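Here is a short briefing on a sheet and the helices that lie across it. Take a look at the model first, and then we can walk through it together.

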Amino acid sequence: MPTTFLSYSSWNLRRAEYLYDLLLQIDRTTVWVDWATCGQVDDWRERVAPAIRDADNFIALVTPEYEKSENCRFEHGHASNASKRTIAVSDSHTVAAFDHTVQWTEHLVGNLMRLLVPGGPQQK
């Protein structure tokens, strides 16, 4: 089962929680996310690095806060160095102005399934 590492700035917790909930709708993937510490403990890098290394996909919830965060830059750099498939979800168009309609949610989940799950729904 493919795994996905969700990277976000703690300033964007609500948005990350919403994206996480959408990702959980994809029943053929698991999501690893650090809700508890967000880089606030000494062993954070030692816990996050293996999770990134072991993940099949890396999703970055890109916001201005994300780009300024040393921890987020570490996660993204580690994913890049490990040649992880990286999917950037941009705050400006998809996350900041969530349209909570079922149609929009199904569209986003369908698109993520095509990216994350081998053999997921094919684009029409």
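Two strands pair if DSSP finds at least two bridges between them; helices (H or I, at least four residues) and strands (E, at least two) are DSSP runs, numbered from the N terminus. This is a predicted model, in which local features need pLDDT of at least 70 and side-chain atom pairs count only at pLDDT 80 or more, while totals for chains, interfaces and linings use all residues. Residues are numbered from 1 along each chain as its sequence is written, and side-chain values use heavy atoms, with hydrogens and water left out.

**The sheet**
- Four strands make an open, parallel sheet in the order β2-β1-β3-β4.
- β2 (30-32) and β4 (85-90) are at the edges with a single partner strand each, so one side of each has no neighbour in the sheet.
- β1 and β3 pair in the parallel sense over four bridges, and S7 stands opposite A60 in β3.

**Helix α4**
- α4 (residues 70-81) has twelve residues.
- C72, E75 and A79 of α4 are buried (under 20% relative accessible area, 1.4 Å probe, protein chains only; exposed is over 50%, partly exposed in between).
- These three cover an arc of only 60 degrees around the axis (taken from the directions from the helix axis to the C-beta atoms), which puts them on the same side of α4.
- On the other side of α4, E70 and N81 are exposed.
- The buried residues of α4 pack against β1 (3-7), α2 (44-54), β3 (57-62) and α3 (64-68) (contact: heavy atoms within 4.5 Å).

**Just after the helix**
- S83 follows α4 with a positive phi of about 55 degrees.

Technical notes: The expected span of a helix is 1.5 Å times one less than its number of residues.
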